[in-house]
Amino acid sequence: EAIAALRTTVELAPREATYQYHLGLAYAQNNEPQHARDALERALRLDKTFAQATEARRVLEELRAR
């Protein structure tokens with residue numbers, strides 16, 4: 001349910017790094033690592049210094065280690 005809501009939010013504001021980040025976290029928690037990586041990488045491409053950028057990088061590292 002959260003993923004569907006976040007996907008809608010991302011569709012409405014695709015250039016908002018924070019929304020991409022939260023979508024990535026939701027995918028990671030839902031055991032969808034490829035979708036999680038895609039969203040987190042997109043967030044960092046949009047804005048390398050957004051508020052959660054450090055956490056996004058950490059989660060990406062964890063996903064790559066799996």
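How many residues does helix α4 have, and what distance does α4 reach from its first C-alpha to its last? The legends below, which describe a predicted model, begin with that helix.

**View 1. Helix α4 along its length.** Helix α4, made up of residues 53–65, has 13 residues. From its first C-alpha to its last, α4 reaches 18 Å, which is close to the 18 Å expected at 1.5 Å a residue.

**View 2. The buried and exposed sides of α4.** Ala53, Ala56, Val59, Leu60 and Leu63 are the residues of α4 that are buried. These residues lie on the same side of α4, because the arc they cover around the axis is only 120°. Thr54, Glu61 and Ala65, by contrast, are exposed on the other side of the helix. Among the elements that cover the buried residues of α4 are α2, residues 17–29, and α3, residues 33–46.

**View 3. Helix α3 between its partners.** The 14 residues of α3 should span 20 Å at 1.5 Å a residue, and its end C-alpha atoms are 20 Å apart, so the expected and modelled spans agree. Buried in α3 are Ala36, Arg37, Ala39, Leu40, Ala43 and Leu44, and the buried residues of this helix pack against both α2 and α4.

**View 4. The largest nonpolar core.** The largest nonpolar core holds 19 residues, of which Tyr21, Leu23, Leu40, Leu44, Phe50, Ala56 and Leu63 touch the most other members. Two or more residues of this core are given by each of the elements α1 (residues 2–12), α2, α3 and α4, and the largest share, 6 residues, comes from α2. Two of the residues named here have already appeared in other views, since Leu40 is buried in α3 and Leu63 is buried in α4.

**View 5. The surroundings of Leu23 and Val10.** Leaving aside residues up to four places away in sequence, Leu23 touches Ile3, Leu6, Arg7, Val10 and Ala39. One of these contacts, Val10, lies in helix α1, and Val10 counts as buried because its relative accessibility is 11%, which is under the 20% cut-off. With the sequence neighbours up to four places away again left out, Val10 touches Tyr19, Gln20 and Leu23. Val10 and Ala39, both of which touch Leu23, are 29 residues apart in sequence, while their C-alpha atoms are 9.8 Å apart in space.

Key: Residues numbered from 1 in each chain as written. Predicted model: local features only at pLDDT ≥ 70, side-chain atom pairs only at ≥ 80, totals over all residues. Heavy atoms only, no water. Helix = DSSP H or I, 4+ residues; strand = E, 2+ residues; numbered from the N terminus. Expected span 1.5 Å × (residues − 1). Buried < 20%, exposed > 50% of the residue type's maximum accessible area, 1.4 Å probe, protein only. Arc of directions from axis to C-beta. Contact = heavy atoms within 4.5 Å. Core = buried A, V, L, I, M, F, W, Y, C linked by side-chain atoms within 4.5 Å.
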